[in-house]
Amino acid sequence: MGRWLFTQEGLVDGYILVEDGEVVEVCRGTAPEGSNKAVIMHAFVNAHTHIGDSFAYPAPRGTVEEIVAPPNGYKHRMLRTASRQQKVAGMRDSVSVMANTGTSAFIDFREEGAEGIQAAKESADHMPVTAVLLGRPVHANASSEALADFVSLCDGFGMSSLRDWPRDFLERASKAAKGKGRLFGIHASEVVREDVDSILDLKPDFIVHMTAASDDDLRAVAEAHVPVVVCPRSNEFFGIDPRIPLLLNAGVEVALGTDNGMICRPDMLEELRAACRLSLSHGGLAPADAIRLATHSGRKVLNAVRDITTEIRRTDDLVVVETQGADPLEEVVSATGSARVSAVSRGGRLRRI
């Protein structure tokens, strides 16, 4: 199956041998005659989602403050009025979309405290996608002991921006996450610039957005080796420039996320195409560099591996993307390309879409 392998080095000739639904070997070299035109790559990592509001799709137009800001943005009003059943059904639909569009893992910022985490776990139960759930306490006056107990329920903390929380709370939340070996992620400088030193002092594992950050801010983040997750379609919805080439030129590790489920469906192939389209005003992205944002960089944010292998192994989570043209990578990232996900392999077990 397939004619090309996408590795950290770029596109190489190669294919996978499949027997009885199992990937038995990954081969470099010319594919056997009759093999389908397809690129085989590491499955996508959706490095930032909010699937809890998927039930509210599509969201109305408005500013970031009006639509998603806590505590009274449209999103939060909808969360307060929706039933648990509605929320779980919406989340499960989003997880199903990810499973069928080549995503092997996603990092979700889940609101609504412990109940929100439990609902998210229910929605992802028995689905062929790894859910990394970062919770958020309901109250900012939670004690350090309560924060330590809370983070034991999930994979870490996923916080909104600095201005939404008392400084001491964020510091204690970061400490609680580190103490349990969990992740600490935070939104920053989405609409207005926020102090980068205050952000980095929290020792985040990754930052979301940084679309309003200065050049000096980006260099500081790069020097601190903190990845940034950018969400192009969500940015576009709010009239924000994701500026991906500028982040990359500053040396920042950049990954992609689909953000709020009420704004866009969590299809990483569509996010990848938007990333390329919206980067044209800044000189554009080479197709191979763009695809790394959705694959290798996402794995670094997830910390699934510390050293990204240049090889594709039989038991890796893989995605098979069908193409038609002479330039397969260009077709994958083109907004008008006909490339589509046709199969996903998880731990060596192939599932056709």
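**Helix packing and cores**

User: Which residues in α5 meet α6, and which ones in α6 are on the other side?

Analyst: Ser144, Leu147, Ala148 and Val151 of α5 meet Phe169, Arg172, Ala173, Ala176 and Ala177 of α6, where contact means heavy atoms within 4.5 Å and helices are DSSP runs (H or I, at least four residues) numbered from the N terminus. This is a predicted model, in which local features need pLDDT of at least 70 and side-chain atom pairs pLDDT 80 or more, while totals for chains, interfaces and linings use all residues. Residues are numbered from 1 along each chain as its sequence is written, and side-chain values use heavy atoms, without hydrogens and water.

User: How do α5 and α6 cross?

Analyst: The axes of α5 (residues 144-151) and α6 (residues 167-179) come within 9 Å and cross at roughly 45 degrees, and the two helices are therefore oblique to each other.

User: What about α3 and α4?

Analyst: The axes of α3 (residues 84-100) and α4 (residues 113-124) come within 8 Å, crossing at roughly 50 degrees, which makes α3 oblique to α4. Among the residues making that contact are Val88, Met91 and Val95 of α3 and Ala119, Ala120 and Ala124 of α4.

User: New topic: which residues touch the most other members of the largest nonpolar core?

Analyst: Phe157, Ile207, Met210 and Leu272 do, in a core of 72 residues. Leaving aside neighbours within four places in sequence, the contacts of Phe157 include Leu147 and Val151, as well as Ala173, Ala176 and Ala177.

User: And how many residues are in the second core?

Analyst: That separate core has 15 residues, including Ala47, Phe109, Ala255 and Leu302.

Technical notes
A nonpolar core is a set of buried Ala, Val, Leu, Ile, Met, Phe, Trp, Tyr and Cys residues joined through side-chain atoms within 4.5 Å. Buried means under 20% relative accessible area, exposed over 50%, partly exposed in between (1.4 Å probe, protein chains only). Axes are lines fitted to C-alpha atoms, for helices over the stretch in contact, and angles run from 0 to 180 degrees between N-to-C directions. Angles under 35 degrees count as roughly parallel, over 145 as roughly antiparallel, 65 to 115 as roughly perpendicular and the rest as oblique.
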